[in-house]
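Please walk through this structure with attention to how its charged side chains pair, what lines its pocket, and what its surface offers. The paragraphs below take these topics in turn.

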Amino acid sequence: RVGVDDREDAGLAPELLAHYYSEAGDTREAVAYWEKAGQRATQRSGLVEAIDHYTRALEALRTLPEGQGRDKKELQLLLAVGSPLMSVHGYATPEVETTYARARELARAAGGEADIFPAMQGLWQFYYVRGLLPMSRQLGNQLLEIAEESRSSTFLLLAHRSIASSAFLQGDYETCRHHTQ
């Protein structure tokens with residue numbers, strides 16, 4: 001069996017391989033290559049293309065049998081497409097909320113703190129930019145709980161920033177100051 005790197009070294013782009021595997025009915029390989037194409041497009045700032053590739057991966061994935069493995073892959077793909085969606089369509093578009101809400105649902109069922117935090121952070125960004133400050137602040141508090149449990153300094157920084165930002169726009173400067181410090 002030819003390895004992935006061998007195929008790419010031969011000049012075959014992952015999106016081309018994904019298309020071939022899709023047409024051949026090899027869904028698992030197609031999903032893997034659509035994901036790789038999405039990653040490559042994101043690295044090259046081809047965000048519209050990245051969204052297209054990740055969307056194709058998600059569509060193909062939905063044809064596979066349900067199960068924990070499929071859920072974990074869907075979660076990975078949703079988290080990967082979230083940032084390009086925000087950049088291309090805006091933080092407050094309904095598609096962003098749908099993407100991160102589904103990711104949060106999957107993370108609660110099949111993921112862990114490392115997965116639920118970015119899903120919740122994406123939702124926080126959606127509600128914050130949308131001006132739905134009570135909801136963004138509630139999500140900020142939930143982010144802080146997750147961050148404290150995980151003991152991740154990165155998560156703690158992001159959670160405190162989330163609460164401080166929401167509190168500031170609500171005029172709660174004392175809470176903002178506390179979380180900023």
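A salt bridge is taken here to be a side-chain nitrogen of Lys or Arg lying within 4 Å of a carboxyl oxygen of Asp or Glu. The model is a predicted one, and by this rule the count in it comes to six salt bridges. One of them joins Glu74 to Arg102, whose closest N and O atoms are 3.0 Å apart. This pair links distant parts of the chain, since Glu74 belongs to helix α5 and Arg102 to helix α6, 28 residues apart. The two partners also fall into separate classes of accessibility: Glu74 counts as buried because its relative accessible area is 5%, under the limit of 20%, whereas Arg102, at 27%, counts as partly exposed.

Arg102 has a further partner in Glu105, with the closest N and O atoms 2.7 Å apart. Here the two residues sit in one helix, α6, and because they are three residues apart, about one helical turn separates them. Glu105 is partly exposed, with a relative accessible area of 48%. Taken together, Glu74, Arg102 and Glu105 are linked in a network of salt bridges. Side chains of opposite charge can pair when their charged atoms come close.

A similar spacing recurs in helix α10 (residues 173-180), where Glu174 and Arg177 are three residues apart and therefore separated by about one helical turn. Their side chains meet in a salt bridge of 2.5 Å, N to O, and Arg177, at 40% relative accessibility, counts as partly exposed.

Which residues line the largest pocket? Arg102 appears again in this lining, together with Ile51, Thr55, Leu58, Glu59, Arg62, Leu78, Val81, Leu85, Glu95, Thr98 and Thr99. The elements that give two or more residues to the lining are α4 (47-61), α5 (68-89) and α6 (94-110). About 190 Å³ of space lies in this pocket, and by class its lining has five nonpolar, three polar and four charged residues.

From Thr55, one of the lining residues, the C-alpha atom of Pro134 is separated by 31 Å, the two residues being 79 apart along the chain. Pro134 has its place in helix α8 (residues 133-150) and is exposed, because its relative accessible area of 59% is over the 50% limit.

On the surface, Phe168, Leu169 and Tyr173 make a nonpolar patch of about 340 Å². Leu169, found in helix α9 (residues 153-169), counts as partly exposed at 46% relative accessibility.

Notes:
Residues numbered from 1 in each chain as written. Predicted model: local features only at pLDDT ≥ 70, side-chain atom pairs only at ≥ 80, totals over all residues. Heavy atoms only, no water. 1 Å grid on protein atoms, 1.4 Å probe; cavity = no way out; pocket = protein on both sides within 12 Å on 5 of 7 lines; lining within 4 Å. Points joined across faces, edges and corners; volume = space filled by probe spheres on them. Helix = DSSP H or I, 4+ residues; strand = E, 2+ residues; numbered from the N terminus. Nonpolar A, V, L, I, M, F, W, Y, C, P; charged D, E, K, R; others polar. Patch = residues over 30% accessible without salt bridge, like charges linked within 9 Å, V, L, I, M, F, W, Y side chains within 5 Å. Areas by Shrake-Rupley, 256 points an atom, 1.4 Å probe, with all protein chains shown as cover. Buried < 20%, exposed > 50% of the residue type's maximum accessible area, 1.4 Å probe, protein only.
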